[in-house]
Amino acid sequence: MGLASENGLVIFSKSSCCMCYAVNMLFQGIGVKPVMYDIDQDPEGREMEKALMKLGGAAAAGPVPAVFIGGKFMGSTNEIMSAHLSGQLVQMLKPFHHSMS
Amino acid sequence: MKSSVHIIGYEFELEKYASFSPQTQRRLAQNREAARKSRLRKKAYVQQLETSRLKLVQLEQELVRARQQVSHLIKYTTQPNGAGIGTFEMEYAHWVEEQHKQVAELRRALQAHVGDVELRMLVENGLNHYANLFRMKADAAKADVFYLISGKWRTSVERFFLWIGGFRPSELLNVLLPQLEPLTDQQHAEVCTLRQSCQQVEDALSQGIERLQQTLSQSMALDQSIGGSYRVQMAAAIEKLEGLESFANQADHLRGQTLHHMARILTTRQAARGLLALGEYFERLRALSSLWAARPREPT
């Protein structure tokens with residue numbers, strides 16, 4: 001996933017996924033604009049989906065949204081919401097804030 | 001020698017002590033030792049009594065839970081499709097009953113000024129009870145997400161405040177805050193940060209659901225009555241609606257996390273007061289629903 005390591009905040013999504021939209025809105029609400037990558041628009045979408053399913057594990061509701069911060073997989077909606085409530089999310093985004101659009 | 005005499009509390013005249021024979025001095029020392037051991041034994045005994053009492057409270061709670069599980073099991077095995085809506089309605093009725101008992105228990109404990117250890121247990125029970133509700137709701141969401149988010153299973157006034165199948169956690173924090181005073185400056189800051197984060201997550205989820213409504217509406221507005229396209233259109237719409245279950249689960253996850261963080265920020269006593277305030281608030285809303293339904297009206 002070369003994409004993920006180039007940018008600070010990348011969210012793998014699907015164009016039809018409204019939870020991905022919600023997570024996008026959450027980040028924008030706290031002042032960062034994530035790079036949204038729709039895997040259903042990618043010719044290798046199926047492969048990416050399989051890889052993301054593996055990353056997410058049994059607990060995840062689906063392959064997307066898959067959030068990467070600094071090239072590192074942070075989890076899906078559940079993990080991001082928990083991290084925001086605990087205050088960790090803002091901390092994790094600090095080193096990348098200046099590079100955000 | 002002077003300091004040791006004072007610690008024990010005997011008022012000894014040093015000269016008198018010094019004049020005693022070594023045997024007498026030894027006997028006095030042995031007496032002091034015996035008295036000290038006796039005090040320690042008494043202290044240990046009292047501590048044992050306290051521990052036993054706490055264990056009794058714990059066992060009583062476990063008994064209540066075990067009885068509940070048995071009655072659920074009995075009803076569960078007579079329902080062919082297991083975790084359906086019928087089961088949920090029954091379990092929710094039990095949940096409300098148990099909630100009422102826990103609220104009464106909290107009230108009693110706070111009025112009686114029980115110790116922190118017992119309060120901690122009551123707080124844990126209260127938090128677990130809410131966790132159980134969220135688990136039940138997750139099962140219900142799998143069975144019928146529309147039923148769950150419509151709030152049909154709640155009283156009318158509760159439904160008035162509905163946000164994705166339950167209460168808005170940031171709003172509940174507003175209800176609780178005045179009841180928790182006095183808070184330290186640190187606690188105030190942490191609660192305000194929590195409330196803000198909560199609102200941000202609520203806004204994000206609300207926007208997500210709005211988008212779901214808009215895109216669904218748009219896709220349904222197209223006339224795709226020719227065979228294959230119709231099936232594709234409907235299949236896409238069904239996939240969209242399946243996303244609703246995630247929203248219901250995330251909303252409950254937010255509620256649970258908010259409770260968890262509040263319990264972390266507050267002292268045991270404050271957390272107990274908070275749970276009591278929350279439980280009483282819900283009870284009042286339910287009572288209001290009943291009164292509203294029964295209110296006298298002008299004959300038309």
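**View 1. A buried glutamate, Glu158(B), and its partner in a predicted model.** Welcome to the first close-up: Glu158(B) has a relative accessible area of 2%, so this residue is buried. Everything shown here and in the later views comes from a predicted model. Arg286(B) also counts as buried, because its relative accessibility is 16% and the cut-off for buried is under 20%. Glu158(B) and Arg286(B) form a salt bridge, in which the closest N and O atoms are 3.7 Å apart. This pair ties together distant parts of the chain: Glu158(B) belongs to helix H7 (residues 156–160) of chain B, Arg286(B) to helix H11 (residues 268–293) of chain B, and 128 residues separate them. As background, side chains of opposite charge can pair when their charged atoms come close.

**View 2. Arg108(B) and its two glutamate partners, Glu105(B) and Glu118(B).** Start with Glu105(B), which makes a salt bridge to Arg108(B) with 2.9 Å between the closest N and O atoms. Both residues sit in helix H4 (residues 85–111) of chain B, three residues apart, or about one turn of the helix. How exposed is Glu105(B)? Its relative accessibility is 26%, so Glu105(B) counts as partly exposed. Arg108(B) is partly exposed as well, because its relative accessible area is 39%. Now look at the other partner: Glu118(B) forms a salt bridge with Arg108(B), and here the closest N and O atoms are 3.3 Å apart. This second pair connects distant parts of the chain, with Glu118(B) in helix H5 (residues 116–143) of chain B, Arg108(B) in helix H4 of chain B, and the two positions 10 residues apart. Is Glu118(B) buried or exposed? With a relative accessibility of 3%, Glu118(B) counts as buried.

**View 3. The salt bridges in a wider frame.** Stepping back, a search of the whole structure over all chains finds 16 salt bridges. Chain B, home to the pairs in the earlier views, has 11 helices and zero strands. Of the 300 residues in chain B, 37% are buried.

**View 4. An annotated stretch of chain B and a nonpolar patch.** The UniProt record, an unreviewed entry, lists residues 21–63 of chain B as "domain: BZIP". In the model this span is 98% helix and 0% strand, and its end C-alpha atoms lie 63 Å apart. Look next for Tyr45(B), whose place is in helix H3 (residues 22–77) of chain B. Tyr45(B) has a relative accessibility of 51% and therefore counts as exposed, since the cut-off for exposed is over 50%. Which residues make a nonpolar surface patch with Tyr45(B)? The partners are Val46(B) and Leu49(B), and the patch covers about 300 Å².

**View 5. Helix H2 (residues 18–29) of chain A, a mostly covered helix.** Moving to chain A, how many of the 12 residues in H2(A) are buried? The count is nine. Among them are Cys18(A), Met19(A) and Cys20(A), as well as Val23(A), Leu26(A) and Phe27(A). The length of H2(A) can be checked too: at 1.5 Å a residue, its 12 residues should span 16 Å, and its end C-alpha atoms are 16 Å apart, so the two agree. After H2(A) comes Gly31(A), which has a positive phi near 100°.

**View 6. Strand S3 (residues 66–69) of chain A and its strand partners.** Here the side chains take turns: Ala66(A) and Phe68(A) point one way from S3(A), Val67(A) and Ile69(A) point the other way, and all are buried. S3(A) pairs with strand S1 (residues 9–13) of chain A in the antiparallel sense, over four bridges. In that pairing, Leu9(A) stands opposite Ile69(A). S3(A) also runs antiparallel to strand S4 (residues 72–75) of chain A, with three bridges joining them. Ile69(A) appears again here, standing opposite Lys72(A) in S4(A). What do S3(A) and S4(A) form together? They form a hairpin with two residues between the strands, and Gly70(A) in the turn has a positive phi of about 65°.

Definitions and conventions: Residues are numbered from 1 along each chain as its sequence is written. Chains are lettered from A and ligands numbered from 1 in the order in which they are written. This is a predicted model: local features need pLDDT of at least 70, side-chain atom pairs count only at pLDDT 80 or more; totals for chains, interfaces and linings use all residues. Side-chain values use heavy atoms; hydrogens and water are left out. Patches are made of residues with over 30% relative accessible area and no salt bridge: like charges are joined within 9 Å, nonpolar side chains (Val, Leu, Ile, Met, Phe, Trp, Tyr) within 5 Å. Accessible areas come from the Shrake-Rupley method with a 1.4 Å probe; for residues, only the protein chains shown count as cover. A salt bridge is a side-chain nitrogen of Lys or Arg within 4 Å of a carboxyl oxygen of Asp or Glu. Buried means under 20% relative accessible area, exposed over 50%, partly exposed in between (1.4 Å probe, protein chains only). The expected span of a helix is 1.5 Å times one less than its number of residues. Two strands pair if DSSP finds at least two bridges between them. UniProt positions are given in the numbering used here, feature names are shortened, and annotations may be inferred rather than shown by experiment.
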